[in-house]
Amino acid sequence: MFTGLIERRARIAARGLRGNAGKLVLALDAPLDDPTLGESVAVNGACLTLESVTDAGFLSFHVLEETFSKTNLGTLPLDSIVNLERAMRSGDRFGGHFVSGHVDAAVDVLAWSEIGHDITLTISIPSDLRSQIIPKGSVAIDGVS
């Protein structure tokens, strides 16, 4: 589980698919504290499993074709910035919302406006998901709840 509160950002360094599986490699500007291979990390909201960490600050994740088709991780240009959040630990306080990291769809932002300190986004919702959206419910956009 995640909170939707972004901890840090990274750049997309490389990605690719062979058949229906592949890799996503991210470049960090600053190292993660105590990264653990196999831990869950939300990348733009998608729960991925950390496969490797290099001393040069690269994180590698195994991905499936579905990861690239249901998120923007397959279409963002290389060097694009993505949001990262490590999974919640049992017993930790959290200040966000419960976010599963299971992405249902990539949607378009139709409008963006600022009202005081608030930002309002208008997004497209696929018709098959509209019945699952409730007033005042939480929706994560690029991992931000």
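Here are some friendly notes on the pockets, a surface patch and the salt bridges of this predicted model.

1. Start with the largest pocket, which holds about 1,200 Å³ of space. It has 36 lining residues, and the closest to its centre are Ile123, Val139, Ala140, Ile141 and Asp142. Sorted by class, the lining has 20 nonpolar, 13 polar and three charged residues.

2. Now look at which strands take part in that lining. Both β7 (109-115) and β8 (118-123) supply at least two residues each, and β8 gives the most, with three residues.

3. Val139 deserves a look of its own. You will find valine 139 in the segment after β8. Valine 139 counts as partly exposed because its relative accessibility is 39%, which falls between the 20% limit for buried and the 50% limit for exposed. Its C-alpha atom is separated by 27 Å from that of proline 35, and the two residues are 104 apart along the chain.

4. The strands β7 and β8 turn up again on the surface, where each supplies at least two residues of a nonpolar patch. The patch is formed by Val109, Trp112, Ile119 and Leu121, with about 400 Å² of accessible area together. Isoleucine 119 sits in strand β8 and is partly exposed, at 49% relative accessibility.

5. The second largest pocket holds about 290 Å³ of space. Its lining has 15 residues, and Glu7, Arg86, Ala87, Met88 and Asp92 lie nearest its centre. By class, this lining has four nonpolar, three polar and eight charged residues.

6. Arg86 also has a partner: arginine 86 forms a salt bridge with glutamate 39, with 2.8 Å between the closest N and O atoms. Arginine 86 lies in strand β6 and glutamate 39 in the loop between β2 and β3 (40-43), so this pair ties together parts 47 residues apart in sequence. Are these two residues buried or exposed? Arginine 86 is buried, with a relative accessible area of 15%, and glutamate 39 also counts as buried, at 15%.

7. The whole structure has four salt bridges. One of them joins the side chains of aspartate 79 and arginine 11, at 2.7 Å from N to O. Aspartate 79 is in the loop between α1 (65-70) and β6 (81-86), while arginine 11 is in strand β1 (residues 8-18), so the pair ties together parts 68 residues apart in sequence.

8. Lysine 23 forms a salt bridge with glutamate 51, the closest N and O atoms being 2.2 Å apart. This pair links strand β2 (residues 21-28), home of lysine 23, with strand β4 (residues 46-53), home of glutamate 51. Lysine 23 is partly exposed at 37% relative accessibility, and glutamate 51 is partly exposed at 33%.

How values were computed
Residues are numbered from 1 along each chain as its sequence is written. This is a predicted model: local features need pLDDT of at least 70, side-chain atom pairs count only at pLDDT 80 or more; totals for chains, interfaces and linings use all residues. Side-chain values use heavy atoms; hydrogens and water are left out. On a 1 Å grid over the protein atoms alone, a cavity is a set of points where a 1.4 Å probe fits but cannot get out, and a pocket is an open set with protein on both sides within 12 Å along at least five of seven lines; lining residues have an atom within 4 Å of a point. Grid points are joined across faces, edges and corners, and a volume is the space filled by probe spheres set on the points. Helices (H or I, at least four residues) and strands (E, at least two) are DSSP runs, numbered from the N terminus. Ala, Val, Leu, Ile, Met, Phe, Trp, Tyr, Cys and Pro count as nonpolar, Asp, Glu, Lys and Arg as charged, and the others, Gly among them, as polar. Patches are made of residues with over 30% relative accessible area and no salt bridge: like charges are joined within 9 Å, nonpolar side chains (Val, Leu, Ile, Met, Phe, Trp, Tyr) within 5 Å. Accessible areas come from the Shrake-Rupley method with a 1.4 Å probe; for residues, only the protein chains shown count as cover. Buried means under 20% relative accessible area, exposed over 50%, partly exposed in between (1.4 Å probe, protein chains only).
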